[in-house]
Amino acid sequence: MPEGQLTDNGTVDNLAPRQQGQEPIEVDHEVQESVARTAGHQSAAGSGASEQHAGTSAASQAQGEQIPAHVDHDEWRDDSGARRSPAAAPTGAAAAHSVSSRDGSGAPTVASGADVAPSYRAAEQAAGGEDLAQGNKVLSQKDIARRVAGAQKRLFGADGSARDVSTVLIRVRTLGTYYDALTHVRQGGFWDQRSTFDLIPEEDLQVQALKQDSYVEGEGAPLAIMFRFRPGIPPEVSFDYDDEEAFVRYENRLPSQNYVEELRMYPRTGANIPQHVNDALQDWNY
(Lines give C-alpha, C1' and ligand atoms only; values in the text may rest on other atoms or scores of the structure.)
Protein backbone atom coordinates (compact mmCIF):
# COMPACT_ATOMS: atom_id res chain seq x y z
CA MET A 1 0.00 0.00 0.00
CA PRO A 2 1.39 3.48 -0.74
CA GLU A 3 2.52 5.43 2.20
CA GLY A 4 -0.04 7.64 3.79
CA GLN A 5 -3.10 5.75 2.52
CA LEU A 6 -5.96 4.33 4.54
CA THR A 7 -5.88 0.72 5.60
CA ASP A 8 -8.89 -1.67 5.79
CA ASN A 9 -9.61 -0.78 9.38
CA GLY A 10 -9.69 2.97 8.69
CA THR A 11 -6.16 3.88 9.89
CA VAL A 12 -3.41 5.52 7.94
CA ASP A 13 -0.23 3.57 7.48
CA ASN A 14 2.72 5.96 7.68
CA LEU A 15 5.19 3.21 8.47
CA ALA A 16 5.02 1.44 5.15
CA PRO A 17 7.96 2.03 2.83
CA ARG A 18 7.66 5.35 1.10
CA GLN A 19 7.87 5.77 -2.58
CA GLN A 20 10.89 7.59 -3.76
CA GLY A 21 10.66 11.32 -3.20
CA GLN A 22 7.40 11.11 -1.20
CA GLU A 23 7.02 12.66 2.22
CA PRO A 24 5.09 11.03 5.06
CA ILE A 25 1.52 12.22 5.50
CA GLU A 26 0.60 13.54 8.87
CA VAL A 27 -2.98 12.78 9.90
CA ASP A 28 -4.80 14.30 12.79
CA HIS A 29 -5.56 11.65 15.42
CA GLU A 30 -9.13 12.87 15.97
CA VAL A 31 -9.90 12.59 12.26
CA GLN A 32 -8.36 9.14 12.21
CA GLU A 33 -10.53 7.97 15.09
CA SER A 34 -13.70 9.41 13.48
CA VAL A 35 -12.99 7.65 10.21
CA ALA A 36 -12.41 4.40 12.07
CA ARG A 37 -15.72 4.68 13.93
CA THR A 38 -17.63 5.41 10.73
CA ALA A 39 -16.14 2.44 8.98
CA GLY A 40 -17.00 0.20 11.92
CA HIS A 41 -20.67 1.26 11.89
CA GLN A 42 -21.01 0.70 8.17
CA SER A 43 -19.45 -2.73 8.49
CA ALA A 44 -21.83 -3.71 11.31
CA ALA A 45 -24.90 -2.43 9.41
CA GLY A 46 -23.87 -4.29 6.33
CA SER A 47 -23.40 -7.49 8.27
CA GLY A 48 -26.82 -7.11 9.93
CA ALA A 49 -28.61 -6.53 6.62
CA SER A 50 -26.90 -9.52 5.10
CA GLU A 51 -27.93 -11.70 8.03
CA GLN A 52 -31.57 -10.42 7.87
CA HIS A 53 -31.76 -11.07 4.12
CA ALA A 54 -30.31 -14.51 4.60
CA GLY A 55 -32.84 -15.26 7.37
CA THR A 56 -35.79 -14.09 5.26
CA SER A 57 -34.67 -16.13 2.27
CA ALA A 58 -34.24 -19.18 4.44
CA ALA A 59 -37.73 -18.76 5.96
CA SER A 60 -39.35 -18.38 2.53
CA GLN A 61 -37.61 -21.46 1.21
CA ALA A 62 -38.58 -23.41 4.33
CA GLN A 63 -42.25 -22.59 3.77
CA GLY A 64 -42.13 -23.48 0.11
CA GLU A 65 -43.22 -19.98 -0.95
CA GLN A 66 -41.87 -18.09 -3.92
CA ILE A 67 -42.02 -14.31 -4.09
CA PRO A 68 -43.65 -13.40 -7.42
CA ALA A 69 -41.82 -11.10 -9.71
CA HIS A 70 -45.14 -9.48 -10.78
CA VAL A 71 -48.51 -9.07 -8.99
CA ASP A 72 -51.62 -8.63 -11.16
CA HIS A 73 -53.69 -5.53 -10.37
CA ASP A 74 -56.93 -7.51 -9.83
CA GLU A 75 -55.18 -9.90 -7.45
CA TRP A 76 -53.77 -7.00 -5.48
CA ARG A 77 -57.26 -5.43 -5.28
CA ASP A 78 -58.91 -8.67 -4.07
CA ASP A 79 -56.15 -9.31 -1.56
CA SER A 80 -56.51 -5.81 -0.19
CA GLY A 81 -60.25 -6.32 0.13
CA ALA A 82 -59.71 -9.58 2.03
CA ARG A 83 -57.49 -7.81 4.54
CA ARG A 84 -60.01 -5.01 5.03
CA SER A 85 -61.45 -4.82 8.51
CA PRO A 86 -65.22 -5.36 9.00
CA ALA A 87 -65.62 -1.72 9.99
CA ALA A 88 -64.34 -0.65 6.56
CA ALA A 89 -66.63 -2.97 4.58
CA PRO A 90 -69.05 -1.13 2.21
CA THR A 91 -72.71 -0.97 3.08
CA GLY A 92 -75.95 0.14 1.42
CA ALA A 93 -75.69 1.42 -2.14
CA ALA A 94 -71.90 1.11 -2.05
CA ALA A 95 -72.18 -2.59 -1.19
CA ALA A 96 -74.72 -3.14 -3.97
CA HIS A 97 -72.45 -1.40 -6.48
CA SER A 98 -69.51 -3.51 -5.29
CA VAL A 99 -71.50 -6.74 -5.83
CA SER A 100 -72.64 -5.55 -9.24
CA SER A 101 -69.07 -4.77 -10.23
CA ARG A 102 -67.77 -8.15 -9.14
CA ASP A 103 -70.30 -10.11 -11.19
CA GLY A 104 -69.33 -8.18 -14.29
CA SER A 105 -72.73 -6.76 -15.14
CA GLY A 106 -72.01 -3.26 -13.91
CA ALA A 107 -75.74 -2.58 -13.39
CA PRO A 108 -77.05 -1.14 -10.09
CA THR A 109 -78.86 -3.60 -7.84
CA VAL A 110 -80.84 -1.01 -5.84
CA ALA A 111 -83.80 0.61 -7.60
CA SER A 112 -85.04 4.12 -6.80
CA GLY A 113 -87.99 3.83 -9.19
CA ALA A 114 -89.49 1.83 -12.04
CA ASP A 115 -91.62 2.37 -15.15
CA VAL A 116 -95.28 1.45 -14.65
CA ALA A 117 -96.81 -0.40 -17.59
CA PRO A 118 -99.16 1.88 -19.59
CA SER A 119 -101.72 -0.95 -19.67
CA TYR A 120 -102.05 -0.95 -15.87
CA ARG A 121 -105.29 0.66 -14.70
CA ALA A 122 -105.17 1.35 -10.99
CA ALA A 123 -108.86 2.22 -10.76
CA GLU A 124 -109.82 -1.28 -11.83
CA GLN A 125 -107.40 -2.85 -9.36
CA ALA A 126 -108.76 -0.96 -6.38
CA ALA A 127 -111.32 -2.94 -4.43
CA GLY A 128 -114.00 -1.64 -2.09
CA GLY A 129 -114.00 1.87 -3.60
CA GLU A 130 -116.73 4.47 -3.77
CA ASP A 131 -117.67 3.56 -7.35
CA LEU A 132 -120.91 1.66 -7.90
CA ALA A 133 -120.67 -2.11 -7.89
CA GLN A 134 -120.72 -3.68 -11.33
CA GLY A 135 -124.25 -3.44 -12.77
CA ASN A 136 -125.70 -1.88 -9.62
CA LYS A 137 -127.50 1.47 -9.76
CA VAL A 138 -127.39 2.29 -6.04
CA LEU A 139 -124.78 0.40 -3.97
CA SER A 140 -121.03 1.04 -4.11
CA GLN A 141 -118.27 -1.53 -4.12
CA LYS A 142 -117.37 -0.52 -0.58
CA ASP A 143 -120.92 -0.99 0.61
CA ILE A 144 -121.20 -4.42 -1.03
CA ALA A 145 -117.88 -5.58 0.46
CA ARG A 146 -119.05 -4.57 3.93
CA ARG A 147 -122.36 -6.41 3.55
CA VAL A 148 -120.84 -9.72 2.41
CA ALA A 149 -117.80 -9.66 4.72
CA GLY A 150 -119.48 -12.33 6.86
CA ALA A 151 -119.82 -14.65 3.87
CA GLN A 152 -116.13 -14.17 3.02
CA LYS A 153 -115.13 -15.08 6.57
CA ARG A 154 -117.53 -18.03 6.61
CA LEU A 155 -115.84 -19.44 3.52
CA PHE A 156 -112.14 -18.71 4.13
CA GLY A 157 -111.81 -17.91 7.84
CA ALA A 158 -110.01 -20.04 10.40
CA ASP A 159 -112.83 -22.62 10.38
CA GLY A 160 -114.04 -21.77 6.88
CA SER A 161 -116.13 -24.14 4.80
CA ALA A 162 -114.14 -23.59 1.59
CA ARG A 163 -110.49 -23.41 2.66
CA ASP A 164 -109.60 -26.14 0.17
CA VAL A 165 -110.72 -24.20 -2.93
CA SER A 166 -109.45 -21.14 -4.80
CA THR A 167 -112.79 -19.70 -5.95
CA VAL A 168 -116.43 -19.89 -4.92
CA LEU A 169 -118.83 -18.74 -7.65
CA ILE A 170 -122.49 -18.22 -6.72
CA ARG A 171 -125.10 -17.21 -9.34
CA VAL A 172 -128.51 -16.14 -8.13
CA ARG A 173 -131.80 -15.46 -9.93
CA THR A 174 -134.38 -13.62 -7.89
CA LEU A 175 -138.02 -12.68 -8.62
CA GLY A 176 -140.14 -11.23 -5.84
CA THR A 177 -139.63 -13.20 -2.65
CA TYR A 178 -138.28 -16.18 -4.59
CA TYR A 179 -134.62 -16.80 -5.32
CA ASP A 180 -132.38 -19.76 -6.03
CA ALA A 181 -128.61 -20.11 -6.15
CA LEU A 182 -126.21 -22.19 -8.26
CA THR A 183 -122.77 -22.62 -6.66
CA HIS A 184 -119.53 -23.96 -8.17
CA VAL A 185 -116.08 -24.12 -6.59
CA ARG A 186 -112.72 -24.16 -8.31
CA GLN A 187 -110.41 -26.88 -7.02
CA GLY A 188 -107.40 -28.56 -8.64
CA GLY A 189 -108.09 -26.92 -11.98
CA PHE A 190 -111.72 -28.09 -12.20
CA TRP A 191 -115.16 -26.70 -11.36
CA ASP A 192 -117.28 -28.70 -8.97
CA GLN A 193 -120.88 -27.97 -7.96
CA ARG A 194 -121.57 -27.60 -4.25
CA SER A 195 -124.64 -27.05 -2.13
CA THR A 196 -124.88 -23.28 -1.64
CA PHE A 197 -126.32 -23.16 1.83
CA ASP A 198 -124.00 -25.86 3.14
CA LEU A 199 -121.13 -23.47 2.36
CA ILE A 200 -122.79 -20.19 3.38
CA PRO A 201 -125.83 -19.63 5.61
CA GLU A 202 -128.60 -17.65 3.95
CA GLU A 203 -128.26 -14.77 6.40
CA ASP A 204 -124.61 -14.24 5.41
CA LEU A 205 -125.36 -14.07 1.68
CA GLN A 206 -128.03 -11.35 2.19
CA VAL A 207 -129.64 -11.77 -1.23
CA GLN A 208 -133.00 -10.20 -0.33
CA ALA A 209 -131.41 -7.26 1.48
CA LEU A 210 -129.11 -6.52 -1.47
CA LYS A 211 -132.05 -6.72 -3.89
CA GLN A 212 -134.24 -4.42 -1.84
CA ASP A 213 -131.51 -1.81 -1.26
CA SER A 214 -130.61 -1.80 -4.97
CA TYR A 215 -134.13 -0.82 -6.10
CA VAL A 216 -134.58 2.29 -8.25
CA GLU A 217 -138.13 3.60 -8.66
CA GLY A 218 -139.42 2.98 -12.18
CA GLU A 219 -136.33 0.94 -13.08
CA GLY A 220 -136.88 -1.96 -10.73
CA ALA A 221 -134.52 -4.15 -8.69
CA PRO A 222 -131.86 -6.63 -9.82
CA LEU A 223 -133.15 -9.91 -11.24
CA ALA A 224 -129.75 -11.64 -11.14
CA ILE A 225 -126.74 -11.44 -8.80
CA MET A 226 -123.35 -13.12 -9.12
CA PHE A 227 -120.91 -13.49 -6.21
CA ARG A 228 -117.25 -14.38 -6.75
CA PHE A 229 -115.36 -15.16 -3.54
CA ARG A 230 -111.61 -15.76 -3.45
CA PRO A 231 -109.31 -16.02 -0.41
CA GLY A 232 -107.47 -12.82 0.45
CA ILE A 233 -109.36 -10.76 -2.17
CA PRO A 234 -112.46 -8.62 -1.56
CA PRO A 235 -115.58 -10.29 -2.99
CA GLU A 236 -116.69 -9.33 -6.50
CA VAL A 237 -120.45 -8.91 -6.84
CA SER A 238 -122.24 -8.17 -10.12
CA PHE A 239 -125.89 -7.29 -10.77
CA ASP A 240 -128.32 -7.35 -13.70
CA TYR A 241 -131.71 -5.56 -13.73
CA ASP A 242 -133.04 -6.98 -17.01
CA ASP A 243 -132.54 -10.74 -17.08
CA GLU A 244 -132.62 -13.26 -14.25
CA GLU A 245 -130.56 -15.60 -16.44
CA ALA A 246 -127.84 -13.05 -17.22
CA PHE A 247 -125.09 -15.13 -15.56
CA VAL A 248 -126.33 -18.67 -16.22
CA ARG A 249 -128.98 -20.22 -18.44
CA TYR A 250 -131.63 -22.62 -17.18
CA GLU A 251 -133.67 -25.16 -19.08
CA ASN A 252 -136.97 -23.53 -18.06
CA ARG A 253 -138.05 -20.05 -17.10
CA LEU A 254 -139.77 -19.46 -13.79
CA PRO A 255 -143.60 -19.48 -13.60
CA SER A 256 -145.56 -16.34 -14.46
CA GLN A 257 -146.63 -15.69 -10.87
CA ASN A 258 -143.00 -14.99 -9.93
CA TYR A 259 -142.81 -12.15 -12.48
CA VAL A 260 -146.10 -10.71 -11.24
CA GLU A 261 -144.79 -10.70 -7.65
CA GLU A 262 -141.58 -9.04 -8.82
CA LEU A 263 -143.48 -6.16 -10.44
CA ARG A 264 -145.74 -5.74 -7.43
CA MET A 265 -142.82 -5.51 -5.03
CA TYR A 266 -140.52 -3.50 -7.30
CA PRO A 267 -142.65 -1.53 -9.79
CA ARG A 268 -141.25 -0.55 -13.22
CA THR A 269 -142.35 1.72 -15.98
CA GLY A 270 -143.50 0.01 -19.15
CA ALA A 271 -140.26 0.96 -20.93
CA ASN A 272 -138.22 -0.84 -18.27
CA ILE A 273 -140.10 -4.15 -18.31
CA PRO A 274 -138.01 -6.72 -20.25
CA GLN A 275 -139.69 -8.43 -23.21
CA HIS A 276 -139.43 -11.92 -21.72
CA VAL A 277 -141.29 -10.62 -18.64
CA ASN A 278 -144.08 -9.24 -20.84
CA ASP A 279 -144.25 -12.59 -22.59
CA ALA A 280 -144.56 -14.41 -19.28
CA LEU A 281 -147.35 -12.06 -18.17
CA GLN A 282 -149.43 -13.07 -21.18
CA ASP A 283 -149.94 -16.48 -19.55
CA TRP A 284 -151.02 -14.98 -16.25
CA ASN A 285 -154.67 -15.41 -15.31
CA TYR A 286 -155.96 -12.42 -13.39
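Asparagine 258 lies in helix α10, which covers residues 256–265. The model described here is a predicted one. Asparagine 258 has a relative accessible area of 12% and is therefore buried, the cut-off for that class being under 20%. Leaving aside residues up to four places away in sequence, asparagine 258 is in contact with Leu175, Gly176 and Tyr178.

**Helix α10 and its surroundings**

Asparagine 258 is one of the buried residues of α10, a set that also holds Ser256, Tyr259, Val260, Glu262 and Leu263. The elements against which these buried residues pack are β3 (167–175), β4, α9 and α11 (275–281).

**The cavity**

How many cavities of 30 Å³ or more does a search of the whole structure find? The search finds 1. The volume of the largest cavity is about 40 Å³. Its lining consists of Leu175, Leu223, Tyr259, Glu262, Leu263, Arg268, Ile273, Pro274 and Val277. Which element gives the most to this lining? It is α10, with 3 residues. By class, the lining of the largest cavity holds 7 nonpolar residues, 2 charged residues and no polar ones. Leu175 appears both among the contacts of asparagine 258 and in the lining of the largest cavity. Tyr259, Glu262 and Leu263 are buried residues of α10 and are also part of that lining.

**The β4–β5 hairpin**

Strand β4 (residues 178–187) pairs with strand β5 (residues 190–194) in the antiparallel sense, over 5 bridges. Within this pair, histidine 184 stands opposite glutamine 193 of β5. The hairpin has 2 residues between its strands, and glycine 188 takes a positive phi near 60 degrees there. Strand β4 is also one of the elements packed against by the buried residues of α10.

**Glutamine 206**

Glutamine 206 sits in the loop between α8 (202–205) and α9 (207–213). Although not a glycine, glutamine 206 has a positive phi of about 55 degrees. Is glutamine 206 buried or exposed, or in between? With a relative accessible area of 26%, glutamine 206 is partly exposed, because that class lies between the buried limit of under 20% and the exposed limit of over 50%. Helix α9, which follows this loop, is among the elements that the buried residues of α10 pack against.

The two accessibility values are set side by side below.

| Residue | Location | Relative accessible area |
|---|---|---|
| Asparagine 258 | helix α10 (residues 256–265) | 12%, buried |
| Glutamine 206 | loop between α8 (202–205) and α9 (207–213) | 26%, partly exposed |

Key
Residues numbered from 1 in each chain as written. Predicted model: local features only at pLDDT ≥ 70, side-chain atom pairs only at ≥ 80, totals over all residues. Heavy atoms only, no water. Helix = DSSP H or I, 4+ residues; strand = E, 2+ residues; numbered from the N terminus. Buried < 20%, exposed > 50% of the residue type's maximum accessible area, 1.4 Å probe, protein only. Contact = heavy atoms within 4.5 Å. Pairing = 2+ DSSP bridges. 1 Å grid on protein atoms, 1.4 Å probe; cavity = no way out; pocket = protein on both sides within 12 Å on 5 of 7 lines; lining within 4 Å. Points joined across faces, edges and corners; volume = space filled by probe spheres on them. Nonpolar A, V, L, I, M, F, W, Y, C, P; charged D, E, K, R; others polar.
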